[in-house]
Amino acid sequence: MVETEHPTDGDVWAWADDNAKVLELLSHPALWQRFPEETAAILRFLIGMCDGPFIFRRIGAPRLERAAGDDRAGTWLHAMMHVVTDLPAGCVMLGIRFHDGRTARNLYLTGNYVSFRHRGRQYTLDVEEAIGESGTSLQDGCLVATHAGDLRFLAEGGTLRLGRITYVHRIQAHSMLVRVEAVLELDPEIEVADVTLTIGHDNLSHGENNVHYGRVGLLDAGGTAHVHVAAAAESVVLPAEGATYYGLGQEEMHGFALGIHTRPLDPDRLRELRLVQHGPGRLHWVVAAYDFPGPHRGGARLAVAEDKLLTAGGFHAEAAAYERLMREAAAALPGSWPRDLSISYDYGVEINAFAKSYAVLAAGEATAPPGLAVELKELADRYLDAYRVRFVDGFWRGENTVFSRQIAFVIMAAATLLRTTGEDRYRRDLAALVEVLLQFEQPLPGTKGSESGFLMGMRSSRDIHVDCHSAALLALTHAAPFLPDPGIAAAIDRGLGAYALVTGTIEWLGEIRKVDTIGIRWSDDAGASRVSHAFWNFHAGLTLRLFRALRESPDAGLQALHAKHADRLAVLEPLLLRQVVLGTREHADGVEIRSSWLSSETNSETQPWVLLGLLGHPWD
């Protein structure tokens with residue numbers, strides 16, 4: 001299921017998490033029976049996006065075209081990256097693309113040098129200062145960006161020519177890999193020794209759009225992983241002999257953490273990584289140094305190459321897995337859709353979709369190929385285990401791993417599996433997950449603790465958004481009947497009290513528009529007053545689903561909570577329904593629920609989440 005009916009900014013993307021949201025909707029028995037082929041196809045797509053602990057984020061229709069500039073300095077659009085070249089300065093910039101303001105400059109490929117010995121003396125020459133020629137070409141879906149120049153040095157009372165240094169960057173429309181090659185062609189008259197070529201990464205923590213990197217991971221020749229975390233403003237040399245992978249990572253929630261992954265194509269020549277750090281968690285410059293020991297005579301050609309991969313969410317400790325994934329990606333066939341190897345930031349919705357689909361098949365409420373029910377349960381179990389190890393355990397170690405909306409859907413998956421199987425392991429999972437989610441609750445100002453909101457993140461992104469808050473309360477509503485903790489109902493009570501009629505603003509087509517809807521008034525860590533609102537209909541869908549779950553719950557405690565808030569909900573719920581109606585457009589073959597009342601169309605998140613808010617799910 002692609003994101004939008006019509007390409008957005010020329011892009012056609014299919015997100016794993018959005019397809020999981022659609023799958024949860026289609027797993028409703030009545031819909032599965034009506035759309036069996038579509039449900040099966042989306043299931044196949046989602047299963048194909050799973051690999052070990054990874055659930056990959058999206059695929060995109062191949063695209064590679066120039067958006068601005070010329071052959072020496074320009075901007076290029078790839079299906080899921082943007083590329084900015086400043087080749088006379090020796091720089092190629094790469095960034096992951098989004099449609100919501102998160103597009104950033106993730107990697108500057110620059111900051112290179114060549115070192116060597118000549119007649120017993122050591123020399124180091126700056127590559128960028130020597131550039132005299134540069135350009136790009138685009139042919140058969142491959143962009144080649146090159147800069148080159150003659151390297152000269154002072155010796156023996158004059159200037160000698162070392163040779164010609166060339167850097168070649170290859171970006172292909174069908175792949176997320178970027179190949180970087182450094183080539184030194186020695187002057188016919190020169191003789192040198194112990195040459196080092198480099199591939200550099202500069203300006204790594206410029207801070208724009210939260211771009212910063214603070215850790216380096218290495219996979220040595222023996223397959224052992226090593227980690228270095230930037231702790232002080234200093235220069236560091238990391239031994240890297242024979243490393244088959246190295247990666248630069250951001251200490252952020254797993255679903256958002258930026259990563260720069262590298263697979264050296266000449267690992268036997270890799271000697272070390274040289275780092276300049278600007279402080280704790282702030283790498284500035286990292287250069288990979290490749291050695292050509294011994295003497296080299298005029299005319300020799302020395303070359304090294306690396307494959308690069310950007311991600312905007314991942315498990316940075318999985319060095320061996322990234323090395324394998326990059327090898328496999330290098331073998332992708334031309335014409336295939338490139339796959340973003342970032343992990344899904346809504347990791348929980350895929351687990352929940354697998355759980356819901358399994359529950360429906362286990363109950364005999366839909367038909368599917370033999371073995372599919374078992375496969376779905378195995379997938380749900382695998383990713384529940386992966387979530388516990390990589391997210392929950394990390395959270396309790398003090399790491400920045402969990403996103404509240406994400407864990408809310410993991411809780412819903414565990415509740416569905418417990419309801420379906422009765423297996424006690426899911427009750428233990430549920431209790432452990434709820435314990436983490438409750439840490440995200442934040443008292444609202446001026447309420448003396450009687451009202452609270454759920455933060456998006458604990459150690460970063462400490463904001464309260466309606467979607468995260470409603471998802472958290474929905475998850476607690478699903479969990480409460482299975483767990484004896486009275487604190488769960490109390491948290492739901494406080495959270496329901498947070499909803500209010502609010503007037504906020506949204507920027508729309510360059511203008512600030514007033515928005516009247518429901519929302520939450522809260523204060524940030526600096527004490528500033530903030531308002532979050534449910535203008536976008538996916539917020540409304542999650543909130544309507546919460547209200548419906550409370551209203552229809554057979555649990556006596558939840559029924560009492562609904563009765564306590566019934567008068568307020570009788571005002572808030574019709575307002576959200578009216579907002580959905582304003583965003584609804586009728587077609588000859590169905591009804592489209594647009595992303596908002598101002599939007600021109602729906603998307604692959606809004607339509608399923610609003611419908612689930614309206615219809616619910618029998619295995620909720």
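In this predicted model, A257 sits in the loop that runs between β19 (245-249) and β20 (258-264). Loop or not, A257 counts as buried, because its relative accessibility is just 1%, and the cut-off for buried is under 20%. Leaving aside residues up to four places away in sequence, A257 touches Q250 and E252, along with a run of partners further on: T311, A312, G313, G314 and H316. G214 is 43 residues from A257 in sequence, and the two C-alpha atoms are 11 Å apart in space.

One of those partners, H316, also turns up in the lining of the largest cavity. The structure holds one cavity of 30 Å³ or more, and the space in the largest cavity comes to about 60 Å³. Besides H316, its lining is made up of R215, V216, G217, Y245, G247, L248, G249 and H261. At least two of these residues come from β16 (215-219), and at least two from β19. The biggest contributor is β19, with four residues, and β19 is also the strand that comes before the A257 loop. Sorted by class, the cavity lining has five polar residues, three nonpolar and one charged.

Turning to the pockets, the second largest has a volume of about 920 Å³. Its lining counts 25 residues, and those closest to the pocket centre are M1, V591, T602, Q607 and L611. Four elements each put at least two residues into this lining: α1 (16-26), α2 (29-34), β31 (590-593) and α13 (606-615). The largest share, four residues, belongs to α13. As for chemistry, eleven of the lining residues are nonpolar, while polar and charged residues account for seven each.

Zooming out, the protein chain has 13 helices and 31 strands. Its radius of gyration is 27 Å, which agrees with the value near 25 Å that a compact globule of 620 residues would have. Along the principal axes, the C-alpha atoms fill a box of roughly 90 × 55 × 50 Å. Buried residues make up 58% of the 620 in the chain, A257 among them. Taking contacts between residues at least 6 apart in sequence, 66% join residues at least 24 apart. The accessible surface of the chain is about 24,100 Å², with 51% of that belonging to carbon and sulfur atoms.

How values were computed: Residues are numbered from 1 along each chain as its sequence is written. This is a predicted model: local features need pLDDT of at least 70, side-chain atom pairs count only at pLDDT 80 or more; totals for chains, interfaces and linings use all residues. Side-chain values use heavy atoms; hydrogens and water are left out. On a 1 Å grid over the protein atoms alone, a cavity is a set of points where a 1.4 Å probe fits but cannot get out, and a pocket is an open set with protein on both sides within 12 Å along at least five of seven lines; lining residues have an atom within 4 Å of a point. Grid points are joined across faces, edges and corners, and a volume is the space filled by probe spheres set on the points. Ala, Val, Leu, Ile, Met, Phe, Trp, Tyr, Cys and Pro count as nonpolar, Asp, Glu, Lys and Arg as charged, and the others, Gly among them, as polar. The radius of gyration is taken over C-alpha atoms; the globule rule is 2.2 Å times the number of residues to the power 0.38. Buried means under 20% relative accessible area, exposed over 50%, partly exposed in between (1.4 Å probe, protein chains only). Contact means heavy atoms within 4.5 Å. Accessible areas come from the Shrake-Rupley method with a 1.4 Å probe; for residues, only the protein chains shown count as cover.
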